[in-house]
Amino acid sequence: MKFKTDRLICQSLSLAEYAEFEAGREPKWDGFTNPYKHLVEGPSPLVHRIPRVKKDPTFAEIGLVLAIADGEIIGSAGFHDFPDENGMIEIGFGIVPDKQRQGYGLELLHGIWREIAKRPDVKILRYTVSPDNEASMHIIKKLGFDLVGEQIDDEDGLELIYDMPISTYLKVHRK
């Protein structure tokens, strides 16, 4: 997956980059840098994405997409799995602390959702968030997703579950 937004260049991690991370090394980036050590230091979805990519290498296309601004990795977004039998696909994303509250998270979400909407098997977008995560709660409320339930995540504890049909998303959030 590769796409651009107003300020971001976004591209999926390659299989070679997943392999480098699995070996405990940061990949050698081509044309950009990682000064904030995104995915290298601190919490990282790679612990979940690497086994998923190993099981099915085609998952790399949607598993983790880098967000690059001004030649620097500033975050990433990706899906937890392929769409389920109902066409639901759940996203996870993160922006490095130095670049938060500048609109990059929302811009990244819109970009990746527009890309995934091109797949005919995607019917429902899902966003789960801890009620204590003020920044993510602000974003999801701004987007108008419906609160459909809650769950206990092994790592994050209580999460609220928000869904929106892809058809509604595309109507409400036209570019």
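In this predicted model, eight strands form an open sheet with mixed pairing. Their order is β1-β2-β3-β4-β5-β6-β8-β7. β1 and β7 are the edge strands, and each pairs on one side only. Strand β7 spans residues 146–153. From one strand to the next, the twist averages 25 degrees.

The β1 end of the sheet was examined by strand pair. Strand β1 covers residues 2–4 and strand β2 covers residues 9–12. The two pair in the antiparallel sense, over three bridges. Four residues make up the hairpin connection from β1 to β2. Across this pair, K2 stands opposite Q11 of β2. Strand β2 also runs antiparallel to β3, which comprises residues 65–69. Four bridges join β2 and β3. Here Q11 faces a second partner, standing opposite L66 in β3. C10 stands opposite A67, also in β3. In general, strands of a sheet pair through backbone hydrogen bonds, in either the parallel or the antiparallel sense.

Helix α5, residues 134–143, lies across three strands of the model. These are β5 (88–95), β6 (124–129) and β8 (157–165). The helix runs at about 150 degrees to β6.

The largest nonpolar core contains 52 residues. Those with the most contacts inside this core are L13, I112, W113, I116, L125, Y127 and F145. Helix α4, residues 104–116, gives the most to the core, with seven residues. I112 illustrates the packing. Leaving aside residues up to four places away in sequence, I112 touches M1, F3, V65, A77, G78, F79 and I91. In soluble globular proteins, nonpolar side chains tend to be buried together.

A polar residue, N34, was considered separately. N34 lies in the loop between α1 (15–22) and α2 (46–55). Is N34 buried or exposed? Its relative accessible area is 6%. The cut-off for burial is under 20%, so N34 counts as buried. The side chain of N34 makes a polar contact with the side chain of E26, at 2.8 Å. Beyond residues up to four places away in sequence, N34 touches E26, W29, V40 and I73. E26 thus appears both as a polar partner of the N34 side chain and among the residues that N34 touches.

How values were computed. Residues numbered from 1 in each chain as written. Predicted model: local features only at pLDDT ≥ 70, side-chain atom pairs only at ≥ 80, totals over all residues. Heavy atoms only, no water. Core = buried A, V, L, I, M, F, W, Y, C linked by side-chain atoms within 4.5 Å. Buried < 20%, exposed > 50% of the residue type's maximum accessible area, 1.4 Å probe, protein only. Contact = heavy atoms within 4.5 Å. Polar contact = N/O pair within 3.5 Å; in protein donor to acceptor, adjacent residues only side chain to side chain. Pairing = 2+ DSSP bridges. Axes fitted to C-alpha atoms, helices over the stretch in contact; angles between N-to-C directions.
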